[in-house]
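Hi,

Here is the model I promised to pass on. Have a look at it first, and my notes follow underneath.

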Amino acid sequence: MEAMIERCAGLDVHQETVVACVLFGPLDKKPKTSIETFSTTTTGLLALSDWLATLQVSDVVMESTGVYWKPIWNILEGSFHLVLANARHVKNVPGRKTDVKDAEWLAKLLRCGLIENNFVPPEDIRDLRDLTRYRKKLIHHRTSEQNRIHKILQDANIKLTSVLSDIFGVSGRRILEAILNGEKIETDGLRKMVDWRTKASITDIANAINGRIRRHHRDMLRYHWEHMGYLEKAIEELEKQIDQLLSPYHKEIELLDGIPGVNKAAAATFIAEMGVDMSVFKSAKHLASWAGVSPGNYESAGKKKRVKPLKVTKL
């Protein structure tokens, strides 16, 4: 294999240690090897950075091992040309599995230009990605709490979902809060709670909330209600932080928001996952493949077989 990089390093990353192998020397000769092991503490990673700089390393490769590569990337970013390799694409020969050999194998592949770099967005996009992904999780948790409230209402024979399209709307929240507080809901009071846009009649709503609710039901409803309120406040705070990080990308947000079916929340997710610099992808096909919406090729003996898209885990 023809060498292309004079001084490069391969890192075998673990939770507590990182094994570094540096290959250096003329491209037309067998390279010299230097191997060291460092701690993954900040002090150890700074020592790794100094060691690589001393050997005048220009390119560094590491596998995308869980989240353990991230602190190393954060320390070395800006000082070296970093390459994040897909672990599936750089597997070593079976029977030759040691930390030192893995690091050396990565360095050899990088020296010959045989490793394709995974896309790692800039720091601000990575921060935005963390926030949008966490927002998605919180929304799922909120939906779970709402489903639990639905279940308890059915158990208490309260058929509020039959007369209101959304029991967590304005009218539904007022009625649920009254039920939680143990209030006796009269017709006049109910009329004040129900928004004028509600289609169901006051009589139908009154019949729907005439159930057999016990103290246990109220306690369970209160637990879920308070947790749902906490989640909604957290989501609101996340939205503010996401808006702050999106402030430099108003133009991109407007372009994405103009696509049918894409709102501002979806546009924020697109930017968080893909960034705004499309030059990192060779073509639209490469972007589709990276996103996991394009099936791979499976051809054997001249016949093409059906292949499902690979499940992609974003970094």
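How many of the 5 residues of strand 4 are buried? The count is 5 of the 5, so strand 4 is largely enclosed by the rest of the structure. Buried here means under 20% relative accessible area, exposed means over 50%, and partly exposed is in between, with a 1.4 Å probe and protein chains only.

Before the rest, some housekeeping. This is a predicted model, where local features need pLDDT of at least 70 and side-chain atom pairs count only at pLDDT 80 or more, while totals for chains, interfaces and linings use all residues. Residues are numbered from 1 along each chain as its sequence is written, and side-chain values use heavy atoms, with hydrogens and water left out.

Back to the sheet. It is open, with 5 strands in the order 3-2-1-4-5 and mixed pairing. Strand 3 (32-39) and strand 5 (81-85) are the edges, each pairing on one side only, and the twist averages 20° from one strand to the next. Strands (E, at least two residues) and helices (H or I, at least four) are DSSP runs numbered from the N terminus, and two strands pair if DSSP finds at least two bridges between them. Angles run from 0 to 180 degrees between N-to-C directions, using axes fitted to C-alpha atoms, for helices over the stretch in contact.

Strand 4 (residues 59-63) pairs with strand 5 in the parallel sense over 5 bridges, and Met62 has Leu84 as its bridge partner there. With strand 1, the pairing of strand 4 is also parallel, over 4 bridges; Cys8 stands opposite Asp59. Asp59, Val61 and Glu63 point one way from strand 4, Val60 and Met62 the other way, and all are buried.

Two helices are worth a look alongside the sheet. Helix 1 (residues 42-54) lies across strand 1 (7-13), strand 2 (17-24), strand 3 and strand 4, at about 165° to strand 3. Helix 2 (residues 69-76) packs on the sheet too, touching strand 1, strand 2, strand 4 and strand 5, and its direction makes about 165° with that of strand 4. The buried residues of helix 2 are Trp69, Ile72, Trp73 and Leu76. Seen down the helix axis, they fall within an arc of 100°, so they line one face; the arc is that of the directions from the axis to the C-beta atoms. After helix 2 comes Gly78, with a positive phi near 95°.

On to the cores, meaning sets of buried Ala, Val, Leu, Ile, Met, Phe, Trp, Tyr and Cys residues joined through side-chain atoms within 4.5 Å. The largest nonpolar core has 24 residues, and Val60, Met62, Ile72 and Leu76 are among those with the most contacts inside it. A second, separate core of 23 residues includes Leu153, Leu164, Ala178 and Leu190.

Two further residues caught my eye. Ser171 sits in helix 6 (residues 170-180) and counts as buried at 7% relative accessibility. Its side chain makes a polar contact of 3.1 Å with the side chain of Thr198 (a pair of N or O atoms within 3.5 Å; within protein, one must be able to donate a hydrogen and the other to accept it, and residues adjacent in sequence count only if both atoms are side-chain atoms). Ile271, in helix 11 (residues 264-274), is buried with a relative accessible area of 2%.

Cheers

Notes. Contact = heavy atoms within 4.5 Å.
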